[in-house]
Amino acid sequence: MKVLLVLTYYHPHVSGLTIYAKRLATALARRGHQVTVLTSRYDPALPAEEVIDGVRIVRAPVQLRISKGVIMLSFPWIAWRLIRRHDVLSVHLPQFEASLLGLLAHLAIRPVILTYHCDLQLPKGWLNRVVDRVVFVSNFFAGRLAQAAVAYTQDFAEHSHFLSRFLDRVRVIPPPVIMPEPEAEAVEAFRRAHDLLDRPVVGMAARLATEKGVEVLIEAVPHLLKAFPRLKVLFAGQYEDVMGEEAYYRRLMPLIERLGPDHWEFLGLLGQEQMPAFFAACDVLVVPSLNSTESFGLVQVEAMLCGTPSVASNLPGVRQPPLMTGMGEVTPIGDPVALAEAITRIIRHPDQYTRPRSLIEDTFSLDRTVSGYEELFDNLVPGQVMAGKQIEAREA
């Protein structure tokens with residue numbers, strides 16, 4: 001089957017959305033599908049076209065940036081050409097071009113599957129509010145034209161400002177998770193390298209972005225230090241030069257510096273091979289997100305596969321990993337005291353939050369995700385593909 005995935009940012013840009021899309025695209029290609037990704041050439045240094053792990057990546061040039069979004073003048077023509085050459089269109093939202101993609105697919109008689117990763121809530125400012133609204137309207141019209149909408153969880157779908165309008169088309173497919181078992185020697189070496197021996201460790205894996213609620217963890221640390229004077233926070237992920245988050249960085253850095261390097265360490269972006277040791281070295285992972293820009297938190301499941309429980313904000317979708325597995329706690333949104341109390345309980349009573357790796361794997365896996373998409377493709381494509389081939393025959 002010929003599958004076209006479309007999203008604004010793709011590898012090497014790193015976010016939960018891009019990780020999801022890359023895993024899905026690569027796995028589909030390995031299963032024998034012909035997979036193309038259409039995305040933005042957000043960095044001019046990136047090639048306009050290349051093949052990575054069997055996936056063809058086509059990048060449309062960017063003429064203008066608006067907040068975290070991009071304007072690509074040639075995008076409609078590139079999209080039209082690619083849509084007609086593929087059997088099914090998989091659009092990953094939120095995305096400014098969503099309604100255009102839905103319309104082009106409708107004209108080409110190709111089925112459209114939306115994957116809704118999160119609600120878009122940009123930082124404060126009148127321009128960002130306008131962008132939020134424009135993108136929502138575009139996504140809404142794409143929803144009207146789509147045959148199906150994929151959600152990570154029913155919980156998020158029912159509470160989402162967008163997905164709740166299309167519940168009759170929602171198909172729940174758990175997100176793809178890849179996480180090798182941590183090796184004891186690698187974990188021990190990681191602990192020694194970062195001075196983690198004989199001290200509690202709290203992990204966070206994210207970009208330093210407004211919606212991630214990093215300040216909630218910062219404010220929780222003084223409460224934690226009263227109970228655990230040697231506690232240390234490890235922050236894995238991009239923290240400098242995060243697109244659109246410059247003001248957030250400037251606001252948080254003085255607070256982090258006040259905690260001191262003995263209690264907070266930035267690790268930067270870690271390679272996939274380093275993540276098992278990072279997760280296993282932590283006593284608990286936190287996801288203190290503040291709004292529905294976060295819809296799940298893949299890192300929670302990755303940490304659980306390494307034996308580490310999580311503490312998540314009580315947000316639809318985000319709260320599901322600890323609730324589904326019992327491997328963690330859920331705390332009120334934006335409450336540093338409650339966060340500190342939950343972390344304390346987990347550090348003091350780790351056995352209460354321990355679950356077998358097999359339990360997590362039974363619920364979340366890459367194979368389960370890809371099989372869910374293949375089943376959806378099989379249900380939607382047959383009649384549409386025949387119609388598309390008839391059109392191509394007439395055009396030829």
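Trainee: Where is Ile 109 found?
Mentor: First, this is a predicted model: local features need pLDDT of at least 70, side-chain atom pairs count only at pLDDT 80 or more, and totals for chains, interfaces and linings use all residues. Residues are numbered from 1 along each chain as its sequence is written, and side-chain values use heavy atoms, without hydrogens and water. Helices (H or I, at least four residues) and strands (E, at least two) are DSSP runs, numbered from the N terminus. Ile 109 sits in the loop between α3 and β8 (112–116).

Trainee: What is the phi of Ile 109 near?
Mentor: Most residues other than glycine have a negative phi. Ile 109 is not a glycine, yet its phi is positive, near 55°.

Trainee: Is Ile 109 buried, partly exposed or exposed?
Mentor: Buried means under 20% relative accessible area, exposed over 50%, and partly exposed in between (1.4 Å probe, protein chains only). Ile 109 has 31% relative accessibility, so it counts as partly exposed.

Trainee: Where does Asp 195 lie?
Mentor: Asp 195 is not a glycine, and it has a positive phi of about 55°. Its relative accessibility is 40%, so it counts as partly exposed. Asp 195 lies in the loop between α6 (184–193) and β11 (201–205).

Trainee: Which residue is joined to His 11 by a cis peptide bond?
Mentor: Most peptide bonds are trans. The bond after His 11 is cis, with omega about 15°. Its partner is in the loop between β1 (2–6) and α1. That partner is Pro 12.

Trainee: What is omega for the cis peptide bond that joins Leu 93 and Pro 94?
Mentor: Pro 94 is in the loop between β7 (88–93) and α3 (98–108). The cis bond from Leu 93 to Pro 94 has an omega of about 5°.

Trainee: Which side chain makes a polar contact with the side chain of His 33?
Mentor: His 33 lies in the loop between α1 (16–30) and β2 (34–41). Its relative accessible area is 16%, so it is buried. Leaving aside neighbours within four places in sequence, His 33 is in contact (heavy atoms within 4.5 Å) with Met 1, Leu 28 and Glu 374. The polar contact of its side chain, at 2.7 Å, is with the side chain of Glu 374.

Trainee: At what distance does the side chain of Arg 65 reach the backbone oxygen of Tyr 42?
Mentor: Arg 65 is in strand β5 (residues 64–66), and its relative accessible area of 39% makes it partly exposed. Not counting residues up to four places away in sequence, Arg 65 touches Tyr 9, Tyr 42, Asp 43, Val 70 and Met 243. The side chain of Arg 65 reaches the backbone oxygen of Tyr 42 at 2.3 Å.

Trainee: What separates the C-alpha atoms of Arg 65 and Leu 323?
Mentor: Along the chain, Arg 65 and Leu 323 are 258 residues apart. In space, their C-alpha atoms are separated by 39 Å.

Trainee: How many helices and strands does the chain have, and what is its radius of gyration?
Mentor: The secondary structure comes to 14 helices and 16 strands. The globule rule gives 21 Å for 396 residues, and the chain comes close to that, so it is as compact as a globular protein of that length. The radius is taken over C-alpha atoms, and the rule is 2.2 Å times the number of residues to the power 0.38. The chain thus has 14 helices and 16 strands, and its radius of gyration is 21 Å.

Trainee: Buried residues make up what percentage of the chain?
Mentor: Among contacts with a separation of 6 or more, residues 24 or more positions apart account for 70%. Of the 396 residues, buried ones make up 56%.

Notes:
Polar contact = N/O pair within 3.5 Å; in protein donor to acceptor, adjacent residues only side chain to side chain.
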